[in-house]
Amino acid sequence: MKCDIILAGVGGQGILSIAATIGLAAVEKNLFLKQSEVHGMSQRGGDVQSHLRLSDTEIHSDLIPDGKADLIISVEPMEALRYLPWLSPDGWIVTSSVPYVNIPDYPGIEDILSELKKAGHTIVLDADAIAKDVGSSRSGNMVILGAASSFISLPFESLENGVRQLFMRKGEEVVDLNLKALRAGRGAAGSHKNV
Amino acid sequence: MHKLLLLGDEAIAKAALDAGMSGMYAYPGTPSTEIMEYVQSSSQAVKENVHREWSSNEKTAMEAALGMSYAGKRAMVAMKHVGLNVAADAFINSAVTGVNGGLIVVAADDPSMHSSQNEQDSRFYGKFALVPVFEPRNQQEAYDMIFDAFDLSEKYRLPVLFRITTRLAHSRASVMLREQRPRNTQSLPSNPRQFVLLPAIARKQYRALTNLFENLPSDPVISGWNRLSSGKGRTGIITCGIAYNYLLENITGHENDYPILSVAAYPIDKSIVARLVDSCEKVLVLEEGYPLIEEQLRGLLDRDVKVMGRLDGTVPRDGELNPVIVARALGMKTLPGKEVPSIVRQRPPSFCKGCSHADMYAALAEVMKDFGPGRVFSDIGCYTLGALPPYNMVNSCVDMGASVTMAIGATDAGLFPAVAVIGDSTFTHSGMTGLLDAVIKDSPVTVIISDNSTTGMTGGQHSQATDRLESICLGLGVSRNHLRVITPLRKNHEENVSIIREEIMHHGLSVVLARRECIQTASRNKKTEVSGKNKTKV
């Protein structure tokens, strides 16, 4: 088993929390894991990405080779497209449809959605709306992780435990909000698989 | 045995704590920052009172670590690669003094310049100073090698350079921990003159150092990390550090096709290189960084062995390695991957919403309209983003502190006005000495210290300048009349424009402190405050 994931977004959108949740779940299941992330300059509103690799055998490279990622998980739709060179021909993209506009020449959202459709197997969700529906408006990132969860070679319960561990320090309420968002994302993805 | 999921940086920090380090010294710099941050947040470090305060710059950090070593205890100092330039004086000389307690110097290189001005390869510093260099292949080795590095340092009384690159520093993997070792007790060096580098002593010690360096390659701790494996093919491969992982990524299942020398510690034993080279028609060198081994292998004449690497174009001359570059170097087919759709736009880093630097630049931009372009010198920090649209204000970014001194030199050449924009933490890192030069000549420079009361770009570490800038400037001799304080906020725009204009028009040195807390640290402090309140309610 191997599962190579590109996590994408804009600095400050919480992709490192997604990575940490998957990481904790992988440790629980005793899998090998390597997760490379971007710190420093790009975190100031620039594009950020993380390469996350899971396997039941030893992983060598911290970086995923081009064309080998099984999954792109993105909390921003244009950012999902930026990493297409890494996606394998039968890979999936799970992304939020909510644009993060902090540049003057941000493309039209319709163009982005149509490129996403062309890119292959794609699940596009309004993560913010789903998060808001369950009362966790700041947990859009967990909605996206939930939506991607069926493509990650880990039991859903392990991801839930990962969320519990990650947010434990912030209190029971924060844990619950994030769990709700995670589950809502998983539910919503089920009905969107044909998009 | 206990396992933890750790960044390469964190593995180094955890190892140092477990291997009996008494003090950690550093100045923040990507990709090295998380080493000190891990030590600072470690309950183990708190319990055992391990030193863990940030230093003013890499040189002061290096010297303080050397002082702790002098007093017999194990110390570690960490910095980004260009930080080693700042610390170089102390670093090079520490090889001549040698150490007492074990001393590790961690340099985190940034090939491809993700967050840096250059991609210099710190292994050259190791060779230059004549000290051992460790270059771990993965997070587990980063952890294990720290124990060896302290042992080696104490065995030979030499500092050890520990070189990592961005991908290892910022990649997480699980690491198996060891038993914690005791810390050293305080002890003076047995030779009271060891650290006194007067020429007569230095000459003797330097000669001893050159002799020692000749013998280092055969030390079992160093040679033990360099592994030669035989293979059927006639193309040999030498990898350094994490390049080995990119090789394995491509040849897993066919490892026996190539004789491979995987290097992780220096200086390298010549005989092991000879064994590889003698069994091959050609040798491919894969190095994450400059072609250090490749150049040595080619030699001046470059005609004995067929060597492939960065110098002949088999591997790109610059930039970090990755699995695809290595596959191409091996002549393997690579998957093309899909193209990035043309509608995807660049998303460069930018000021956060509400950033104080942005309001400062808005005011400065309005003033500078009257003088024309090319007159604003800056250096390293979030405020360098003022070089990008919509501000396009910054005309130089060279090194920490160079804003002040380059502005001085430009005024010496007759440029008027010359404005230096420097951050608070960068100012106490390397701006103060330059300001003293300006004071003495009363250079017609306006220094804007954009004080957000933190070390912002690296994630909001403590700034040594906080609450001290006025007294530092006055102490250095800046005139009280030309030390102005503004609060960069949109509502103060007109007032700020007029203060900056007044000081630029003053034909002598002036300093404007543009002070407002970083929006990131402000919101984080607020959150901590709120959660603290909630806790007391419970």
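# Reading a predicted two-chain model

Modeller: From the N terminus on, the elements of chain A run β-α-β-β-β-α-β-α-β-α-α-α-α, where helices (H or I, at least four residues) and strands (E, at least two) are DSSP runs numbered from the N terminus. This is a predicted model, in which local features need pLDDT of at least 70 and side-chain atom pairs count only at pLDDT 80 or more, while totals for chains, interfaces and linings use all residues. Residues are numbered from 1 along each chain as its sequence is written, and chains are lettered from A and ligands numbered from 1 in the order in which they are written.

Biologist: How many helices and strands does chain A have, and what does its radius of gyration say?

Modeller: Chain A has 7 helices and 6 strands. The radius of gyration is taken over C-alpha atoms, and the globule rule is 2.2 Å times the number of residues to the power 0.38. For chain A the radius is 15 Å, close to the 16 Å that the rule gives for 195 residues, so chain A is as compact as a globular protein of that length. Along the principal axes, its C-alpha atoms fill a box of roughly 40 × 40 × 35 Å.

Biologist: What share of chain A is buried, and how should I read its contacts along the sequence?

Modeller: A residue is buried if 20 or more other C-beta atoms lie within 10 Å of its own, exposed if 12 or fewer, and partly exposed in between, with C-beta atoms placed from the backbone. Buried residues make up 59% of the 195 residues in chain A. Two residues are in contact if their C-beta atoms, again placed from the backbone, lie within 7 Å; of the contacts in chain A between residues at least 6 apart in sequence, 67% join residues at least 24 apart.

Biologist: Which strands pair with strand 1 of chain A, and in which sense?

Modeller: Strands of a sheet pair through backbone hydrogen bonds, either parallel or antiparallel, and here two strands pair if DSSP finds at least two bridges between them. Strand 1 (residues 2-10) of chain A pairs with strand 3 (residues 47-55) of chain A in the antiparallel sense over 9 bridges, and Leu7(A) stands opposite Ser50(A). With strand 4 (residues 69-74) of chain A, strand 1 pairs in the parallel sense over 4 bridges, and Ile6(A) has Ile72(A) as its bridge partner. Strand 1 of chain A is mostly covered, with 8 of its 9 residues buried.

Biologist: How many residues does each chain give to the contact between chain A and chain B?

Modeller: Chain B gives 38 residues and chain A gives 41 residues. On the side of chain B that touches chain A, the elements giving two or more residues are strand 7 (171-176), helix 11 (243-251) and helix 14 (323-329) of chain B. By class, that side has 19 nonpolar, 12 polar and 7 charged residues, where Ala, Val, Leu, Ile, Met, Phe, Trp, Tyr, Cys and Pro count as nonpolar, Asp, Glu, Lys and Arg as charged, and the others, Gly among them, as polar. Strand 7 of chain B also pairs in the antiparallel sense with strand 2 (residues 32-36) of chain A over 3 bridges, and Lys34(A) has Ala173(B) as its bridge partner.

Biologist: Is Tyr246(B) in helix 11 of chain B buried or exposed, and what does Tyr246(B) touch?

Modeller: Tyr246(B) counts as buried because it has 27 C-beta neighbours inside 10 Å. Not counting residues up to four places away in sequence, Tyr246(B) touches Ser61(A), Leu321(B), Asn322(B), Pro323(B) and Val326(B). Tyr246(B) and Val324(B) are 78 residues apart in sequence, yet their C-alpha atoms are 8.2 Å apart in space. In the loop between helix 11 and strand 10 (260-263) of chain B lies Gly253(B), which counts as exposed with 7 C-beta neighbours inside 10 Å.

Biologist: In what order do the strands of the open sheet in chain B lie?

Modeller: The open sheet of 6 strands has the order 2-3-4-6-5-11, with mixed pairing. Strand 2 (21-26) and strand 11 (265-266) of chain B are the edge strands, each pairing on one side only. Strand 3 (residues 74-80) and strand 4 (residues 103-109) of chain B run parallel and are joined by 6 bridges, with Leu103(B) as the bridge partner of Ala75(B).
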